[in-house]
Amino acid sequence: MTTGTGPLTCRRKGPLRGAIEVPGDKSISHRALLFGALSTGETRVRGLLDAEDVHATRRAVEALGATVRAEGDELVVVPPAALREPGDVVDCGNSGTSLRLLTGVLAGVPGLSILTGDASLRRRPVRRVIDPLRRMGADLSARDGDRLPPVVVRGRPLEGVRHALEVASAQVKSACLLAGLFAEGETSVAEPERSRDHTERMLAGMGVPIRVDGLEVTVTPSRPRGGRVDVPGDISSAAFFLCGAAALPGSEVTVRNLGVNPTRTGLLDVLAAMGAGVVRTNEREVAGEPRADVTVRAAALEATEIRGAIIPRLIDELPVVMVMATQARGRTLIRDARELRVKESDRLAAMGETLARAGAKIELFDDGCAIEGPTPLRGVTVQTRLDHRIAMSMAIAQLLSGEEVVLDDVACVATSFPSFFSLLDGLSGSGA
Ligand code: S3P
């Protein structure tokens with residue numbers, strides 16, 4: 001069963017018990033298609049996420065001349081000899097990763113491209129990619145004084161430069177490194193904290209000379225050669241079940257074949273710090289990315305502080321961490337997470353407002369929040385705001401409340417996790 005559209009009333013009961021696999025990692029899936037399209041040889045991908053955000057990247061690389069076809073349980077990306085100018089506006093849907101990474105790629109490719117997206121994406125900032133790419137000589141412009149999509153890119157010769165990012169961002173870092181593949185001379189990107197490093201790992205695996213020195217990454221212009229990508233399960237999708245299991249008495253959930261790249265596992269550190277039982281087994285590395293089976297068992301949770309370098313390692317998981325924190329004893333503090341305000345929605349505002357209506361004791365800051373627990377939650381009606389993670393986080397809040405929660409529109413869930421509700425049904429042993 002996949003997600004529907006329109007409103008959905010959730011009335012499941014816990015605990016959550018069982019072993020599952022979650023769909024492929026979204027960040028790695030985008031990169032497999034995009035880097036495959038830039039390569040000299042073909043790329044064979046196993047476990048690609050089948051969800052709308054990744055479909056947007058697939059359509060984009062096809063518009064640039066790549067061919068993507070299924071062969072058995074693999075997808076094969078066949079690159080064009082040279083990327084071509086897209087024949088129409090490129091619609092990235094809800095996907096910030098597609099739009100920002102493509103901006104980097106297209107900056108150095110001859111031709112005119114226009115990148116746009118849905119109402120949520122057209123509210124998300126693009127100056128963060130425009131400014132650094134302009135320093136490399138890129139010709140870019142965007143709506144509202146270069147702040148918002150659509151983005152217009154006129155590909156031209158670029159020069160490698162050193163970038164120092166003010167905010168850790170894998171999308172901005174990747175956009176600069178991808179532009180660097182087509183530039184004259186080396187391109188370096190230094191970040192204040194380390195963001196997810198899938199780009200570095202995958203480009204290195206495809207033969208691109210790329211060096212990591214502390215928080216700085218340097219790429220030498222070259223074309224990737226393609227190869228094999230095996231996509232692990234997405235920890236950002238597993239997070240909903242892992243947090244639900246930690247907070248719902250009697251729960252125990254195992255997620256097999258899960259990506260546990262250290263730049264993504266902040267959630268597992270937080271679960272352990274809050275006292276949930278977290279066990280990793282079967283740890284191994286496949287195609288340059290670590291993976292493991294991860295089991296989380298319910299416990300009486302204790303509040304914790306989440307701030308500083310851990311934030312980029314769990315940024316997408318924070319909405320459901322906020323839900324879990326309502327059940328922990330004490331004051332959970334989240335700081336340094338201003339980036340949450342520019343995701344698919346303003347997630348601090350959305351979760352703050354919704355959890356407060358559900359009875360949580362929550363104080364919002366510009367860059368985070370404090371949640372005092374434990375507090376019983378009540379049923380609410382949720383505005384999902386074109387944001388998949390708000391919808392799924394509040395489906396977990398419903399389980400914790402034991403009351404009815406109405407999600408006003410669940411179409412957004414299909415952007416990253418179309419099988420979310422059926423996996424939740426399986427683990428909770430109940431229907432919606
Ligand atoms: C992503 C990077 C993260 C994350 C997003 C996916 C990526 O954003 O929030 O969902 O695939 O590069 P940042 O650019 O803020 O790191």
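What is the strand order of the open sheet of 4 strands, and is its pairing mixed or of one sense? Let me start there, keeping in mind throughout that what we have in front of us is a predicted model. The order is 6-7-9-8, and the pairing is mixed. At the edges stand strand 6, at residues 90–91, and strand 8, at residues 139–142, each of which pairs on one side only. If we look at one of those edges, strand 6 runs parallel to strand 7, residues 111–116, with 2 bridges between them, and within this region Val90 stands opposite Leu115 of strand 7. As a general reminder, the strands of a sheet pair through backbone hydrogen bonds, in either the parallel or the antiparallel sense.

Let me turn now to the pockets, beginning with the largest, which holds about 740 Å³ of space. Its lining is made up of 39 residues, and those closest to the centre are Ala168, Ser169, Ile315, Glu339 and Lys343. Where does the largest pocket lie with respect to domain 1 and domain 2? Domain 1 covers 8–24 together with 232–428, domain 2 covers 26–230, and both give residues to the lining, so the largest pocket lies between them. Among the elements, helix 1 (26–38), helix 3 (96–107) and helix 6 (170–181) each supply at least two lining residues, and helix 1 gives the most, with 4. For those of you thinking about the chemical character of this lining, the classes are 20 charged, 10 polar and 9 nonpolar residues.

The second largest pocket holds about 290 Å³ of space. It is lined by 13 residues, and nearest its centre we find Arg128, Leu165, Glu166, Val167 and Val172. Two or more lining residues come from each of helix 4 (127–135) and strand 11 (162–164), with helix 4 giving the most, at 5 residues. By class, the lining of this second pocket has 6 charged, 5 nonpolar and 2 polar residues.

Besides the open pockets, a search of the whole structure finds 1 cavity of 30 Å³ or more, and the space in this largest cavity is about 40 Å³. Its lining takes in Asp25, Ile28 and His198, then Pro232 and Ile235, then Gly259, Val260, Asn261 and Arg264, and finally Glu289 and Pro290. In terms of class, that lining divides into 5 nonpolar, 3 polar and 3 charged residues.

I would like to close with two views of burial, one of a whole helix and one of a single side chain. How many of the residues of helix 10 are buried? For helix 10, residues 318–325, the count is 8 of 8, and the helix is mostly covered; in order, the buried residues are Leu318, Pro319, Val320, Val321, Met322, Val323, Met324 and Ala325.

The single residue is Asp53, which has its place in helix 2, residues 52–63. Is Asp53 buried or exposed? Its relative accessible area is 2%, and because the cut-off for burial is under 20%, Asp53 counts as buried. Setting aside neighbours within four places in sequence, Asp53 is in contact with Lys26, His30, Asn94, Ser95, Ser98 and Thr415.

Technical notes:
Residues are numbered from 1 along each chain as its sequence is written. This is a predicted model: local features need pLDDT of at least 70, side-chain atom pairs count only at pLDDT 80 or more; totals for chains, interfaces and linings use all residues. Side-chain values use heavy atoms; hydrogens and water are left out. On a 1 Å grid over the protein atoms alone, a cavity is a set of points where a 1.4 Å probe fits but cannot get out, and a pocket is an open set with protein on both sides within 12 Å along at least five of seven lines; lining residues have an atom within 4 Å of a point. Grid points are joined across faces, edges and corners, and a volume is the space filled by probe spheres set on the points. Ala, Val, Leu, Ile, Met, Phe, Trp, Tyr, Cys and Pro count as nonpolar, Asp, Glu, Lys and Arg as charged, and the others, Gly among them, as polar. Domain bounds come from an automatic or database domain assignment. Two strands pair if DSSP finds at least two bridges between them. Buried means under 20% relative accessible area, exposed over 50%, partly exposed in between (1.4 Å probe, protein chains only). Contact means heavy atoms within 4.5 Å.
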